[in-house]
2 protein chains.
Amino acid sequence: MALKARVLYDFSSENPGEISIAENELVTLFSEKELDGWLEGTNRSGQAGLFPATYVEIIRSDVSPNNNNNGGFDSPDISKASAPPLAAAIPALAQQLAQRVVSQTSQGSDDDWDDDWDDRSTATDDTSSRAPAYTVTTSLPGRTAAASQQAKSSATVGRNLNRFSTFVKSGGEAFLLGEASALVKDGDRICVVMGQYGPEWQENPYPFSCSIDDPTKQTKFKGMKSYMSYGLTPTHTNVQVNRRYKHFDWLYARLVERFPVISVPHLPEKQATGRFEEDFITKRRKGLIWWMNHMSSHPVLGHCDVFQHFLICGADEKAWKMGKRRAERDQLVGANFFLTISPPAVPLDLQEVESKIEGFKSFTKRLDENIVVVNTTINEFARKQITGFKKEYQRVGQGFRLLGQAFELDQQAYSTGLNQAMAYTGEAYETIGEYFAEQPRQDLDPISDLLDLYRGHLANYPDIIHVQKGALTKVKDCQKLDGDLRDRCNIISCATLAEVQYFHRTRVRDFRSQMQHHLSQQISFFQKITAKLQDALQKYDE
Amino acid sequence: MALKARVLYDFSSENPGEISIAENELVTLFSEKELDGWLEGTNRSGQAGLFPATYVEIIRSDVSPNNNNNGGFDSPDISKASAPPLAAAIPALAQQLAQRVVSQTSQGSDDDWDDDWDDRSTATDDTSSRAPAYTVTTSLPGRTAAASQQAKSSATVGRNLNRFSTFVKSGGEAFLLGEASALVKDGDRICVVMGQYGPEWQENPYPFSCSIDDPTKQTKFKGMKSYMSYGLTPTHTNVQVNRRYKHFDWLYARLVERFPVISVPHLPEKQATGRFEEDFITKRRKGLIWWMNHMSSHPVLGHCDVFQHFLICGADEKAWKMGKRRAERDQLVGANFFLTISPPAVPLDLQEVESKIEGFKSFTKRLDENIVVVNTTINEFARKQITGFKKEYQRVGQGFRLLGQAFELDQQAYSTGLNQAMAYTGEAYETIGEYFAEQPRQDLDPISDLLDLYRGHLANYPDIIHVQKGALTKVKDCQKLDGDLRDRCNIISCATLAEVQYFHRTRVRDFRSQMQHHLSQQISFFQKITAKLQDALQKYDE
């Protein structure tokens with residue numbers, strides 16, 4: 001018998017793979033297993049796809065031992081699929097959070113992802129079977145033994161009622177309240193050291209980078225399915241491994257889960273159609289290169305097990321699956337991540353931390369706003385060069401040709417030289433027009449791409465700031481409380497500020513090198529024009 | 001009693017100083033003395049100004065000995081002011097011709113001309129009192145003794161009935177028919193030699209050039225009148241003389257009258273208002289420099305008495321007046337000009353002449369058309385650089401500044417260098433925007449000015465071609481006739497082709513040097529931009 005669910009709130013599909021559902025509608029579920037907070041099923045119009053799990057309640061018509069069945073088959077027991085009632089009370093936020101994940105994992109629009117659907121379900125299943133202590137599924141207050149147990153130890157510290165707050169979701173609150181516990185091996189330890197400009201991640205003693213080769217098109221199922229494969233060669237192994245976009249995608253999901261206050265940049269956008277087209281592949285590859293650079297050079301991300309597995313594991317299917325399973329069963333995710341942090345000896349001044357975080361908040365806000373303006377300007381400038389500038393130079397070129405053509409009617413041998421020079425000048429201007437049209441690809445598009453990447457990157461920071469601020473607020477609320485709370489807040493602060501520091505360092509590095517690239521390209525461009533004009537000028541001496 | 005005239009045809013004023021008059025309207029004349037074919041008076045609306053003399057007939061109500069008065073005061077005798085009836089039959093052409101002169105001599109709109117009005121009238125008066133044999137005023141067929149006398153000697157060759165044809169007006173027809181006669185001294189002789197590319201003017205054995213200093217503003221009548229004075233220094237005397245625009249204007253009128261198939265370029269345009277403004281003065285000066293260069297280097301124009309008088313005569317008022325009077329009484333004008341031409345020994349093949357002239361006609365037509373297109377393109381390009389290009393670069397500059405400003409909020413000491421470099425880059429782009437806006441003045445405006453000059457120059461050629469074609473047609477019409485006619489046609493052809501040759505030589509020289517100037521300027525421009533960008537790039541290393 002088909003599994004049904006009743007829709008609690010209207011949901012409008014906004015992305016490919018999603019379906020719209022309306023309040024009180026009955027939907028048929030393909031499975032009650034959630035995929036990152038989403039369920040799959042068909043709506044009353046017969047459309048199949050994803051919708052947020054928290055927007056529906058599963059109608060349990062079967063008798064199961066876990067179910068508080070009241071015995072009546074006609075009035076089925078209603079229980080939430082997995083989300084707590086509070087989640088349902090803030091559907092907008094829930095949807096937003098769900099989308100942040102689903103935007104990277106949505107299916108149906110990308111063939112090179114489809115074929116691994118079953119694999120994925122298993123992974124998600126594995127994740128949920130891990131019963132993480134601080135995820136939404138188990139945080140119904142007082143319902144789980146763990147929660148009631150932990151509630152004791154922090155009886156005087158109020159819990160955040162908003163179960164969907166990032167502070168709560170990330171595990172930040174649980175850690176602050178001393179609820180995190182896991183075995184941290186020495187190899188897992190992440191050191192924050194006090195640098196010249198504040199806390200920073202201890203540098204990776206074995207720095208490496210990773211090159212990405214041009215992607216190649218692969219097919220399987222006798223050509224029915226095709227996908228792009230990227231050759232990655234990390235410098236510390238110098239062995240190439242082949243990875244598909246779905247592997248990046250899987251890695252991304254692991255990292256986001258693993259590191260609450262570290263910004264894992266979004267992967268380059270997917271595209272529903274035309275993804276084998278050159279432009280798209282080039283742009284994705286550029287995005288992936290930047291992503292890989294960011295990952296490889298990040299002292300924490302670059303060093304972590306799952307990323308190393310991704311970079312090193314060869315074609316051995318079994319080894320890959322083992323590492324995959326291991327990563328998916330990792331205990332040091334969410335709240336437990338903070339257990340791995342070793343802060344500097346001297347604790348931070350929390351007031352100073354607050355001011356720094358406030359400053360960073362203003363900074364990210366302003367940068368985000370300005371990036372939008374600058375990107376519009378740059379794209380408009382590129383468009384003008386490709387259309388207007390090109391046209392103007394070409395028109396002038398045609399003008400000079402026209403003059404030359406009129407001159408050719410003069411039948412005077414001694415003006416042949418001039419006529420040829422005029423024709424050459426006309427051509428030169430037409431070529432300069434082409435130069436203008438080709439140039440943005442060299443020096444404006446890369447800036448625009450970088451700005452896009454940074455915009456995506458910046459979008460991670462409100463959550464990170466939120467975790468930090470949540471911790472500070474909680475500590476302020478209970479000033480008289482134990483030093484442990486302050487210590488734990490110090491740990492969160494150290495990690496956050498180290499990540500902020502890292503952001504600034506990479507930002508300065510990225511923008512410096514991009515501006516240098518831009519200016520060098522512009523210089524070559526104008527030198528190329530100058531050379532063309534010098535050629536033309538010379539013709540008048542001949 | 002006021003002198004009246006009846007208007008024969010509608011005339012619409014098109015230039016400052018002219019007034020509109022309507023058919024049958026009575027206008028009051030200030031004087032019956034014509035000024036280059038124009039009369040001055042007031043129309044029925046009370047407006048005072050100029051109108052073409054041929055458009056009205058003077059109502060003679062006074063009894064004069066020269067007048068065929070039929071005695072009736074009530075029905076006044078109507079006689080043309082000076083134009084023959086045929087002229088009235090082709091008002092469009094008459095108007096066109098009249099305007100060619102008046103456009104250079106119209107008054108009322110230019111103060112620095114006004115104060116010499118009386119002088120001018122005298123000059124014109126002098127000219128008409130000279131009774132030139134081939135000007136409009138005396139060409140009523142059969143009316144003058146000279147005309148009837150000459151009619152005999154060319155009884156078999158038909159006269160052109162259109163008394164306003166350039167062929168007739170220029171004196172070309174009269175010369176061809178053997179009606180020209182004047183004393184030609186050796187010094188007046190103008191040699192046409194056979195060069196590599198056809199007939200050409202014998203080069204001036206004493207070539208010279210002439211510099212024009214910045215004009216200075218002069219006043220007279222206790223500051224009531226002001227005018228610009230140009231300092232001319234010809235290289236062959238190396239003595240500076242001061243000339244006003246009105247002197248150029250007078251010279252121009254003399255030269256046009258003197259040399260029928262030589263193109264005397266128009267003087268730079270006058271401007272009714274703002275003529276002391278820098279832009280206008282600069283443009284006029286540039287135009288005058290080109291004009292002076294053309295005149296000085298022209299083997300015939302540069303050498304002739306009136307031009308030499310203009311260049312050499314100092315501040316001695318009496319000497320100036322004497323030279324002026326001499327030039328105005330010159331007998332070798334119009335038809336007599338051709339008497340001064342010494343053709344090469346071997347006469348030209350008239351068929352070849354015809355084909356060359358046809359070719360030149362197509363050439364001038366095409367060049368004229370293309371100049372219009374090119375000038376529009378160039379002006380549009382200049383406009384785009386001043387507005388659009390500037391704006392785009394400045395916007396991008398502001399964009400980089402904006403990014404830098406956002407970066408400044410980051411409070412990280414190590415990003416100060418980048419922030420300053422970004423700010424500098426922003427400034428650099430804004431400066432480059434300014435460069436774009438300033439550039440057209442350096443390298444597009446001069447081309448545009450040259451094109452304007454050549455357009456004016458080209459406007460002279462239809463008349464020159466017309467004279468040549470008139471001569472050829474007349475010779476064809478009477479193939480069996482005497483060799484004298486062919487000889488005289490050969491002289492006209494030699495002079496015309498020599499002038500065409502000269503046009504091409506100066507054109508090639510002018511356009512080659514202008515294009516070289518343009519390209520050099522463009523090269524410096526792009527090098528300036530490159531240098532600015534290199535400065536900016538360097539900031540990222542600091």
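How many residues does the hairpin that joins β7(A) to β8(A) pass through? The hairpin runs through 2 residues, and it makes a handy entry point to this predicted model. As for conventions, residues are numbered from 1 along each chain as its sequence is written, while chains are lettered from A and ligands from 1 in the order in which they are written. In this predicted model, local features need pLDDT of at least 70 and side-chain atom pairs count only at pLDDT 80 or more, whereas totals for chains, interfaces and linings use all residues; side-chain values use heavy atoms, with hydrogens and water left out.

The hairpin of chain A belongs to an open sheet of 3 strands with the order β8-β7-β13 and mixed pairing. Strands here (E, at least two residues) and helices (H or I, at least four) are DSSP runs, numbered from the N terminus, and two strands pair if DSSP finds at least two bridges between them. The edges of the sheet are formed by β8 (198-201) and β13 (341-342) of chain A, each of which pairs on one side only. Strand β7 (residues 190-195) of chain A is linked to β8(A) by 4 bridges, and the two run antiparallel. Within this ladder, G195(A) stands opposite G198(A), and V193(A) has E200(A) as its bridge partner. As a reminder, strands of a sheet pair through backbone hydrogen bonds, either parallel or antiparallel.

A helix accompanies the sheet. Helix α16 (residues 483-539) of chain A lies across β7, β8 and β13 of chain A, at about 80° to β8(A). For such angles, axes are lines fitted to C-alpha atoms, for helices over the stretch in contact, and values run from 0 to 180 degrees between N-to-C directions; contact means heavy atoms within 4.5 Å.

Chain B also has an open sheet, with 3 strands in the order β8-β7-β13 and mixed pairing. Its edge strands, β8 (198-201) and β13 (341-342) of chain B, each have a single partner strand, so one side of each is left without a neighbour in the sheet. Again 4 bridges join β7 (residues 190-195) of chain B to β8(B), in antiparallel fashion, and V193(B) stands opposite E200(B). Helix α16(B) packs on this sheet, touching β7, β8 and β13 of chain B, and its direction makes about 80° with that of β8(B).

How the two chains are related comes next. Chain B is superposed on chain A by a rotation of 180° with 0.2 Å of shift along its axis, at an RMSD of 0.3 Å; the fit is by least squares on the C-alpha atoms of residues with pLDDT of at least 70 in both copies. The two copies are thus related as by a two-fold rotation axis. In chain B, the C-alpha nearest the axis is that of F526(B), 3.0 Å from it. The same surface serves both copies, as 100% of the contact residues of chain B recur in chain A.

Aromatic side chains offer another view, with 62 aromatic pairs over all chains. Rings of Phe, Tyr and Trp (its six-membered ring) pair if their centres lie within 6.5 Å; planes under 30 degrees apart count as stacked, over 60 as edge-to-face and the rest as tilted. One of the pairs, F407(A) with F511(B), is edge-to-face, at 5.0 Å centre to centre and 75° between the planes. F407(A) lies in helix α12 (residues 350-408) of chain A and F511(B) in helix α16 (residues 483-539) of chain B, so the pair joins two chains. Both F407(A) and F511(B) are buried, where buried means under 20% relative accessible area, exposed over 50% and partly exposed in between (1.4 Å probe, protein chains only). The rings of F381(B) and F389(B) are also edge-to-face, with centres 6.1 Å apart and planes at 90°. Relative accessibility is 0% for F381(B), which counts as buried, and 2% for F389(B), buried as well.

Charged groups meet rings too. The charged end of R505(B) sits over the ring of Y414(A), 4.5 Å from its centre, and that of K539(B) sits over the ring of Y424(B), 4.5 Å from its centre. The criterion is NZ of Lys or CZ of Arg within 6 Å of the ring centre and within 35 degrees of the ring normal.

Finally, two loop residues deserve a look at their backbone. N238(A), a residue other than glycine, has a positive phi near 60°. N238(A) is placed in the loop between β11 (225-234) and β12 (241-244) of chain A and, at 61% relative accessibility, counts as exposed.
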